[in-house]
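Thanks for sharing this one with me. Here are my notes, in the form of numbered points, to read with the structure open beside you.

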Amino acid sequence: MYLPPLQPANNSHVYLWGEVKIHPSAAIAPGAILQAAPDSKIVIAAGVCLGMGAIINAYQGIIEIETGAILGTGVLIVGCGKIGANASIGAATTIFNTSVAAGEIIPAGSVLGDTSRQVDINAAAEIVVSEEKSPPETTASDRQTEKLDRETEIATESSPEPPSEAVQNGSQPPSPLPQQQNSSISGQDRVQQMLHTLFPHRQPLNKPHQDLE
């Protein structure tokens, strides 16, 4: 948290109003303001140190600062409560109707006891869970993008394959050559030889007959 530099107090005096009881050993810097409303009281114990410009305003109760407590520059305490012994309150801290435990250290710029911004932890947890479960909202631009993607995909799938190089050049692809048939049957010569041996007067197999004269 960013804290602007605190300006030195123009008033070198300490302002006291109402029922304020200060121990003689307490140290109070210039510009401090201690005021107690009617039926309220401020009690400063021994060894307490109040920084420059500190403001303590007791209202509807007692503000008690116990032994050895230190309040930094510009600390504001309003309402009622107790600052425990040897507690340390950082500069520019606001304390409203709240007590600080003994020996506790409060960082500078803190705000304690602010009831104007209460948060229901259970309700906040339910909101977080519901946001995690709910699907993300789809905007009009997202729907348009999805539609264009689907149209592009359909057009790509339905487009014909590009013609081959032969078709593009206007020529037909060469047809495969018919398989050359073997002019001779396997083993035919051997069969002819056997027939010639067995029947020497027969004509060779598959030999065309000569016309009789």
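1. A word on terms before the strands come up: two strands count as paired if DSSP finds at least two bridges between them. Helices (H or I, at least four residues) and strands (E, at least two) are DSSP runs, numbered from the N terminus. With that in hand, strand 6 (residues 49–50) and strand 8 (residues 70–71) run parallel and are joined by 2 bridges. Leu50 has Leu71 as its bridge partner in strand 8.

2. Please keep the origin of the coordinates in mind: this is a predicted model, in which local features need pLDDT of at least 70 and side-chain atom pairs count only at pLDDT 80 or more, while totals for chains, interfaces and linings use all residues. Residues are numbered from 1 along each chain as its sequence is written, and side-chain values use heavy atoms, with hydrogens and water left out.

3. The strand 6 and strand 8 pair belongs to a wider arrangement. An open sheet is formed by 5 strands in the order 3-6-8-10-12, with parallel pairing. Strand 3 (27–28) and strand 12 (105–106) each have a single partner strand and stand at the edges, so one side of each has no neighbour in the sheet.

4. Now to strand 7 (residues 55–65), which collects several partners. Strand 5 runs parallel to strand 7, with 4 bridges between them. Strand 4 (residues 33–36) is likewise parallel to strand 7 and joined to it by 4 bridges. Strand 9 pairs with strand 7 in the parallel sense over 7 bridges. Ile56 is a handy residue to follow here: it is the bridge partner of Leu34 in strand 7, and its own bridge partner in strand 9 is Ile77.

5. Strand 5 (residues 41–44) deserves a look from both faces. As a reminder, side chains in a regular strand alternate between the two faces of the sheet. In this strand, Ile42 and Ile44 point to one face and are buried, whereas Lys41 and Val43 point to the other and are not. Buried here means under 20% relative accessible area, exposed means over 50%, and partly exposed lies in between (1.4 Å probe, protein chains only).

6. Strand 5 also pairs in the parallel sense with strand 2 (residues 20–22), over 3 bridges. Which residue of strand 5 is the bridge partner of Lys21? That partner is Val43, and Val43 in turn has Glu64 as its bridge partner in strand 7. Ile44 stands opposite Ile65 in strand 7.

7. The salt-bridge count comes to 1, where a salt bridge is a side-chain nitrogen of Lys or Arg within 4 Å of a carboxyl oxygen of Asp or Glu. The pair is Lys82 and Glu66, whose closest N and O atoms are 3.6 Å apart. Because Lys82 lies in strand 9 (residues 76–83) and Glu66 in the loop between strand 7 and strand 8, the pair ties together parts that are 16 residues apart in sequence. Lys82 counts as partly exposed at 36% relative accessibility, and Glu66 is partly exposed at 22%.

8. On the surface, Asp142, Glu146, Asp149 and Glu153 gather in a patch of negative charge. Patches are made of residues with over 30% relative accessible area and no salt bridge, with like charges joined within 9 Å and nonpolar side chains (Val, Leu, Ile, Met, Phe, Trp, Tyr) within 5 Å. Among the patch members, Glu153 lies in helix 2 (residues 140–158) and is partly exposed, at 48% relative accessibility.

9. Two loop residues are worth checking for their backbone angles. Asp39, which is not a glycine, has a positive phi near 65°. Asp39 sits in the loop between strand 4 and strand 5 and is exposed, at 81% relative accessibility. Asn97, also not a glycine, has a positive phi of about 50°. Its place is in the loop between strand 11 and strand 12, and Asn97 is partly exposed, with a relative accessible area of 40%.

10. A last contact to look at: how many residues separate Thr94 and Leu76 in sequence? They are 18 residues apart in sequence and 4.8 Å apart in space, C-alpha to C-alpha. Thr94 is in strand 11 (residues 94–96) and is partly exposed, with a relative accessible area of 29%.

Terms used. Areas by Shrake-Rupley, 256 points an atom, 1.4 Å probe, with all protein chains shown as cover. Lys, Arg positive; Asp, Glu negative; His and termini not counted. Charge placed at Lys NZ, Arg CZ, Asp CG, Glu CD.
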